[in-house]
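Subject: A structure for you to look at

Hi,

Here is the structure I promised to pass on. Have a look at it first, and then read on for what I found.

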Amino acid sequence: MAFSALAIVLVITQYLIFVLLTARARVRYSIKAPATVGHPVFERTYRVQMNTLELLIIVVPGIWLMGLFVDPYWLSPLLGVLFAVARLIYCVTYIRNPTSRGFGVAMSFLVAGLFIVCSAYGAIAEILYSLNH
């Protein structure tokens, strides 16, 4: 599970970087807390942070469950890295031009969906195996 754990560390670290980018934008554009609106670049940076947070509730347990029930050595970690790449693409494109974020969004949701489907498949297969043996 160490590779899967490292994938979790990667996506959590990336999220922390997004938090820091938001804090930097807050200072740069003089957006005083608790405000979440103001300069458009700040708002887009904040949305990247929050949209990523919304997906982490699926992805972090997904990496763990898929590592536990499917493959902890390459598939689960690889999808974790793919998610981080998708969020990086999303971050860069959304902050520059929100209408160009589609690929990063689609890739992120595809990976999140794969975590759900593969984890469910692995858990069901484990249950069925244990019932037959």
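Before the first number, one term: accessible areas come from the Shrake-Rupley method with a 1.4 Å probe. Please also keep in mind that this is a predicted model.

With that term in hand, the accessible surface of the protein chain comes to about 7800 Å². Carbon and sulfur atoms make up 74% of that surface.

**The overall picture**

How many helices and strands are there in the protein chain? There are four helices and zero strands, so if you read along the sequence you meet the pattern α-α-α-α. The C-alpha atoms fill a box of roughly 65 × 25 × 20 Å, taken along the principal axes. The chain has 133 residues, and 35% of them count as buried. Among contacts with a separation of 6 or more, 68% are between residues 24 or more positions apart.

**Helices α1 and α2**

A bit of background helps here: two packed helices are described by the angle between their axes and the distance between the axes. Helix α1 covers residues 2–28 and helix α2 covers residues 40–69. Their angle is about 170 degrees, and their axes lie 9 Å apart. Angles over 145 degrees count as roughly antiparallel, and α1 and α2 are therefore roughly antiparallel to each other.

Which residues meet where these helices pack? On the α1 side they include Ser4, Ile8, Tyr15, Phe18 and Val19, and on the α2 side they include Phe42, Gln49, Thr52, Ile63 and Gly67. The residues of this contact divide into 17 nonpolar, six polar and one charged.

**Some residues to find**

Start with threonine 52, which is in helix α2. Is it buried or exposed? Threonine 52 has a relative accessibility of 1%, and buried means under 20%, so threonine 52 counts as buried. Leaving aside neighbours within four places in sequence, threonine 52 is in contact with Tyr15, Phe18 and Arg87.

Glutamine 49 is also found in helix α2, and it counts as buried because its relative accessibility is 11%. Not counting residues up to four places away in sequence, glutamine 49 touches Tyr15, Phe18, Val19 and Thr22.

Now try serine 4 in helix α1. At 1% relative accessibility, serine 4 counts as buried. Beyond the residues up to four places away in sequence, serine 4 touches Ile63, Gly67, Pro72, Ser76 and Pro77.

Leucine 20 is in helix α1 and makes a good contrast: leucine 20 is exposed, with a relative accessible area of 52%. The C-alpha atoms of leucine 20 and glutamine 49 are separated by 9.3 Å, with their positions 29 residues apart along the chain. Leucine 20 and threonine 36 are 16 residues apart in sequence, and their C-alpha atoms are 15 Å apart in space.

**Helix α3**

Helix α3 spans residues 75–96, which is 22 residues. From first C-alpha to last it reaches 32 Å, close to the 32 Å expected at 1.5 Å a residue. Its buried residues include Ser76, Pro77, Phe83, Arg87 and Tyr94. Where do the buried residues of α3 pack? They pack against α1, α2 and α4, the last of these being residues 102–132.

Enjoy exploring it!

Best wishes

Technical notes
Residues numbered from 1 in each chain as written. Predicted model: local features only at pLDDT ≥ 70, side-chain atom pairs only at ≥ 80, totals over all residues. Heavy atoms only, no water. Axes fitted to C-alpha atoms, helices over the stretch in contact; angles between N-to-C directions. Helix = DSSP H or I, 4+ residues; strand = E, 2+ residues; numbered from the N terminus. Parallel < 35°, antiparallel > 145°, perpendicular 65-115°, else oblique. Contact = heavy atoms within 4.5 Å. Nonpolar A, V, L, I, M, F, W, Y, C, P; charged D, E, K, R; others polar. Buried < 20%, exposed > 50% of the residue type's maximum accessible area, 1.4 Å probe, protein only. Expected span 1.5 Å × (residues − 1).
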